Amino acid sequence: MPANAFNAHTDYGIGIGLRVPHYAHILEKKPCVDWFEIISENFMVDGGRPLQVLDRILEQYRVVQHGVSLYFGSADKPDRAHLRRLKALVKRTKTPWLSDHLCWGSVDGTYTHDLLPMPYTFAAAKRTAGKIRMVRDYLEIPICVENVSSYAEFHASEMTEWEFLTEVVERADCGILLDVNNIYVSSKNHDFDPYAYVDGIPHRRVGQMHIAGHTKFEKYILDTHDHPVLDPVWRLYAHATRRCGVTATLLEWDDRIPSFQEVHDEALKANVFIDGAKAARTPGTGAAAAVR
Amino acid sequence: MKLSTAARADTPRALLAFQRALKDALIRPLAPGDRTQRHWTDGRPMTEFAAAFIKPNDRLTALDRLQIYNRMYWFRLLDCFHDDNPGLRALLGGWKFTRLAEAYLARHPSRSFTLRNLCVRLEGFLRAEPRWTAPHTALAVDVARFEWAQTVAFDGEARPVIAPAEFAHRPPSRLRLGLQPYVTLLDLKYPVDDFVIAVKRRDALRTEASNATTSGPRAVASKRVPRPRPGRVCLAVHRMDHRLYYKRLEPAAYRVLAALRDGAPLTRAIAAAGASAKPDRVQGWFATWMELGWFCRR
């Protein structure tokens, strides 16, 4: 399933996040990269260097927008002024799909600037799905929602996280940005089987995947995006790729960012697992058993 | 709504109450030792509040889990405040700067989707609550205004530049020129441009010196940048070719630009320069400003 309605039937391959420390390298050396993911909010400005750099990147590369402030799960109504700004950026980048998180983070106009986990209730799923539909209709592009990593679970929850994700995306008829690292981090923090998570979601809706590094502490794991991808995450990615098909994949590296080449090389390791998944799904090659 | 009802999050109203309660808990200032405060606003133990919403596991209590988010909120915003205000930090010193940051962020939580706007109310806060910066409040206000102007110059809107041909035939008494939104005019009591440049140079040197083995660069890098003495400075903080610049202005030139910015017609703006400003001098200012692309349609 290299392409589906939720990534606008594109086949984007392996991308990396566009980050400030790499601007000079990218603009001067023009390295060969399948695509860049941008954080929408970094470019929802009125002018100046951010937009100048973006325009130069757009001349050379495919760009997909990833957001951190739509807060689909916030009980507030969407902010129309915010959506207008976002739509202007969508027109500028021509992003084939847009992703943001299945979380909440603002209330009554106060922003936490965090991706806070939802209470997995039917009421929350219904409201969240309604908001996603509204945003999609306004922006007129496919939306993929990303599962977040979390450090807390709520008594209110009436279902598992993956059941909640499924409930939301089926109600909203939207795609999933499956963050494999987030699944792994949350599985360790909340003691669930990450493979059950991957197996339990509607695979046909997965339009993109994220991989990243994390940091282990004594009592929990933090989603720090400041390391290479760890082996258990690669194994889970391999499993997800077998389940969902080869999907546009993005490496996130947001802190203690090394050289462009190091980040890109890390991202390209995904090819090993993509090739494995392709072989497993090719008739006559013998389906490889899931290896954990 | 009762906390127990909010904690169920099983209706739209309860979901809103759930999120309001948790948001209030997350943005609550940390207690000493970067710990979540011991009591909730109604006096009940914080353990009880956290346990109403959050499940514990065999490694973390409900309060431990809440504390992770409480800390992350504060660390994230304090980092941003720190990065946006290097001059203010150098002026106040680390301890006092952090107390100021905590007080400001507690009084003005973020109201924007982007952290770029985090310090938009800082100047007003410093004026309203001088105790955080005393006895250097006037200087701190100047530094804060200067640092915010840099944010505006970095990514503020650039409108199409107005060409002389567009207004050549309009009478100066009715001509109103707009100033580019990314240009900020500052009439300051202290030469904070020199001060902040010196701070940035020192900080850059600190970074360079971080792996040095000799004591020389470290000694230079750890020098305190002296506080500027009072002295009026008029500045335009702007950008050119996507780089930031601080241009000093003669007070008379500042008055002309400020009048234009505030909507005065050209004749009245030029009159604001005063009788001592010679016509060829004023003409020279305008030639420079036009070249810098500072004027746009109103």
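**Figure 1. Tyr71(A), a loop residue with a positive phi.** In this predicted model, Tyr71(A) sits in the loop that runs between β3 (63-66) and α3 of chain A. Its phi is near 45 degrees, a positive value, and the residue is not a glycine. Most residues other than glycine have a negative phi. Is Tyr71(A) buried or exposed? Tyr71(A) is buried, because 29 other C-beta atoms lie within 10 Å and 20 or more are enough to count as buried.

**Figure 2. The parallel barrel of chain A.** Eight strands of chain A close into a barrel. Their order is β1-β2-β3-β4-β7-β8-β9-β12, and the pairing is parallel. From one strand to the next, the twist averages 30 degrees. Within the barrel, β4(A) and β7(A) pair over four bridges in the parallel sense. Asp100(A) has Val145(A) of β7(A) as its bridge partner. Helix α6 (residues 180-190) of chain A packs on the sheet. There α6 touches β8 (175-179) and β9 (206-212) of chain A. The direction of α6 makes about 60 degrees with that of β9(A).

**Figure 3. Val148(A) and its surroundings.** Val148(A) belongs to the loop between β7 (143-146) and α5 (161-172) of chain A. Which residues does Val148(A) touch, not counting residues up to four places away in sequence? They are His101(A), Leu102(A), Cys103(A), Leu115(A), Pro117(A) and Asn182(A). Val148(A) is buried, with 22 other C-beta atoms within 10 Å. Leu178(A) is 30 residues away along the chain, yet the C-alpha atoms of Val148(A) and Leu178(A) are separated by 9.2 Å.

**Figure 4. Helix α4 of chain A and what covers it.** Helix α4(A) covers residues 122-139, 18 residues in all. From first C-alpha to last it reaches 26 Å, close to the 26 Å expected at 1.5 Å a residue. The buried residues of α4(A) include Ala124(A), Arg127(A), Thr128(A), Lys131(A), Ile132(A), Val135(A) and Leu139(A). An α-helix has 3.6 residues a turn, so residues three or four places apart point the same way. Which elements cover the buried residues of α4(A)? The cover includes α3 (80-93), β4 (98-101), β7 and α5 of chain A. Chain B adds its own α2 (12-26) to that cover. After α4(A) comes Glu140(A), whose phi is positive, near 60 degrees.

**Figure 5. The contact between chain A and chain B.** Chain A brings 37 residues to the contact, and chain B brings 42 residues. On the side of chain A that touches chain B, the elements giving two or more residues are α2 (49-60), β5 (104-107), β6 (110-116) and α4. Which of them gives the most? β6(A) does, with six residues. The residues on this side of chain A divide into 16 nonpolar, 12 polar and nine charged.

**Figure 6. The three-stranded sheet of chain B.** This open sheet has the order β2-β3-β4, with antiparallel pairing. Its edge strands are β2 and β4 (243-249) of chain B, each pairing on one side only. The twist averages 25 degrees from one strand to the next. β2(B) and β3 (residues 233-240) of chain B pair over five bridges. One bridge partner in β3(B) is Leu235(B), which pairs with Leu186(B). β3(B) and β4(B) pair over seven bridges. Here Val237(B) has Tyr246(B) of β4(B) as its bridge partner. β2(B) (residues 184-188) is largely enclosed by the rest of the structure, because four of its five residues are buried.

**Figure 7. Asp241(B), in the loop between β3 and β4 of chain B.** Asp241(B) has a positive phi of about 50 degrees, although it is not a glycine. Is Asp241(B) buried or exposed? Asp241(B) counts as exposed, because it has 7 C-beta neighbours inside 10 Å and 12 or fewer is the cut-off for exposed.

**Figure 8. A cis peptide bond in chain B.** The bond from Ala134(B) to Pro135(B) is cis, with omega near 5 degrees. Most peptide bonds are trans. Pro135(B) lies in the loop between α7 (122-128) and α8 (137-155) of chain B.

**Figure 9. Chain B as a whole.** The secondary structure of chain B consists of 14 helices and five strands. Its C-alpha trace spans about 80 × 60 × 35 Å along the principal axes. The radius of gyration of chain B is 25 Å, whereas a compact globule of 298 residues would have one near 19 Å. Of the 298 residues, 36% count as buried.

Notes. Residues are numbered from 1 along each chain as its sequence is written. Chains are lettered from A and ligands numbered from 1 in the order in which they are written. This is a predicted model: local features need pLDDT of at least 70, side-chain atom pairs count only at pLDDT 80 or more; totals for chains, interfaces and linings use all residues. The radius of gyration is taken over C-alpha atoms; the globule rule is 2.2 Å times the number of residues to the power 0.38. Two residues are in contact if their C-beta atoms, placed from the backbone, lie within 7 Å. The expected span of a helix is 1.5 Å times one less than its number of residues. Ala, Val, Leu, Ile, Met, Phe, Trp, Tyr, Cys and Pro count as nonpolar, Asp, Glu, Lys and Arg as charged, and the others, Gly among them, as polar. Two strands pair if DSSP finds at least two bridges between them. Axes are lines fitted to C-alpha atoms, for helices over the stretch in contact, and angles run from 0 to 180 degrees between N-to-C directions.
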